[in-house]
Amino acid sequence: MVDGKYVRMPVDGDLIGSFGSFLCRMSEALEGVEVPKKEIDMDKVLRRMREVSATQ
């Protein structure tokens with residue numbers, strides 16, 4: 001499940017293995033990186049985008 005939605009997973013073993021290796025490398029690269037916990041208000045973002053595009 002991703003973002004509350006079910007997604008299809010590939011059944012190709014090589015692809016899943018490659019993806020797993022990528023995730024391991026990514027986890028090592030992100031080790032110690034602080035990820036902000038702040039959630040984004042998408043409605044506010046979309047309103048602001050509309051405001052900006054309306055002025056151009």
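A residue counts as partly exposed when its relative accessible area falls between the 20% limit for buried and the 50% limit for exposed. Glu 51 has a relative accessible area of 43%, so Glu 51 is partly exposed. The model described here is predicted.

The overall fold comes next. The chain holds 2 helices and 0 strands. Helix H1 spans residues 13–30. Helix H2 covers residues 42–54. A loop runs between H1 and H2, and a segment precedes H1. The radius of gyration of the chain is 18 Å, whereas a compact globule of 56 residues would have one near 10 Å. Along the principal axes, the C-alpha atoms fill a box of roughly 50 × 30 × 25 Å.

The surface was examined next. Of the 56 residues, 0% are buried. The accessible surface of the chain is about 5900 Å². Carbon and sulfur atoms account for 59% of that surface.

A nonpolar patch lies on the surface. The residues that form this patch are Phe 19, Phe 22, Leu 23, Met 26, Leu 30, Val 33 and Val 35. Together they offer about 630 Å² of accessible area. One of them, Val 33, sits in the loop between H1 and H2. The relative accessible area of Val 33 is 46%, so this residue is partly exposed. Val 7 belongs to the segment before H1. Its relative accessible area is 48%, and Val 7 is therefore partly exposed.

Charge was considered separately. The chain carries 9 positive and 10 negative charges. The mean positions of these two sets are 9 Å apart. A patch of positive charge appears on the surface, where Lys 38, Lys 44, Arg 47 and Arg 50 gather. Lys 44 is located in helix H2. Lys 44 counts as exposed because its relative accessibility is 53%, and exposed means over 50%. Arg 47 also lies in helix H2. Its relative accessibility is 42%, so Arg 47 counts as partly exposed.

Side chains of opposite charge can pair when their charged atoms come close. The structure holds 1 salt bridge. The side chains of Glu 51 and Arg 48 meet in a salt bridge, with 3.2 Å from N to O. Both residues belong to helix H2. They are 3 residues apart, about one turn of the helix.

Two distances relate separate parts of the chain. Arg 47, a member of the positive patch, is 25 residues from Phe 22 in sequence. Phe 22 is a member of the nonpolar patch. The C-alpha atoms of Arg 47 and Phe 22 are 36 Å apart in space. Val 7 and Glu 34 are separated by 27 residues in sequence. Their C-alpha atoms are 28 Å apart.

Methods. Residues numbered from 1 in each chain as written. Predicted model: local features only at pLDDT ≥ 70, side-chain atom pairs only at ≥ 80, totals over all residues. Heavy atoms only, no water. Patch = residues over 30% accessible without salt bridge, like charges linked within 9 Å, V, L, I, M, F, W, Y side chains within 5 Å. Areas by Shrake-Rupley, 256 points an atom, 1.4 Å probe, with all protein chains shown as cover. Salt bridge = Lys/Arg side-chain N within 4 Å of Asp/Glu carboxyl O. Lys, Arg positive; Asp, Glu negative; His and termini not counted. Charge placed at Lys NZ, Arg CZ, Asp CG, Glu CD. Helix = DSSP H or I, 4+ residues; strand = E, 2+ residues; numbered from the N terminus. Buried < 20%, exposed > 50% of the residue type's maximum accessible area, 1.4 Å probe, protein only. Rg over C-alpha atoms; globule rule 2.2 N^0.38 Å.
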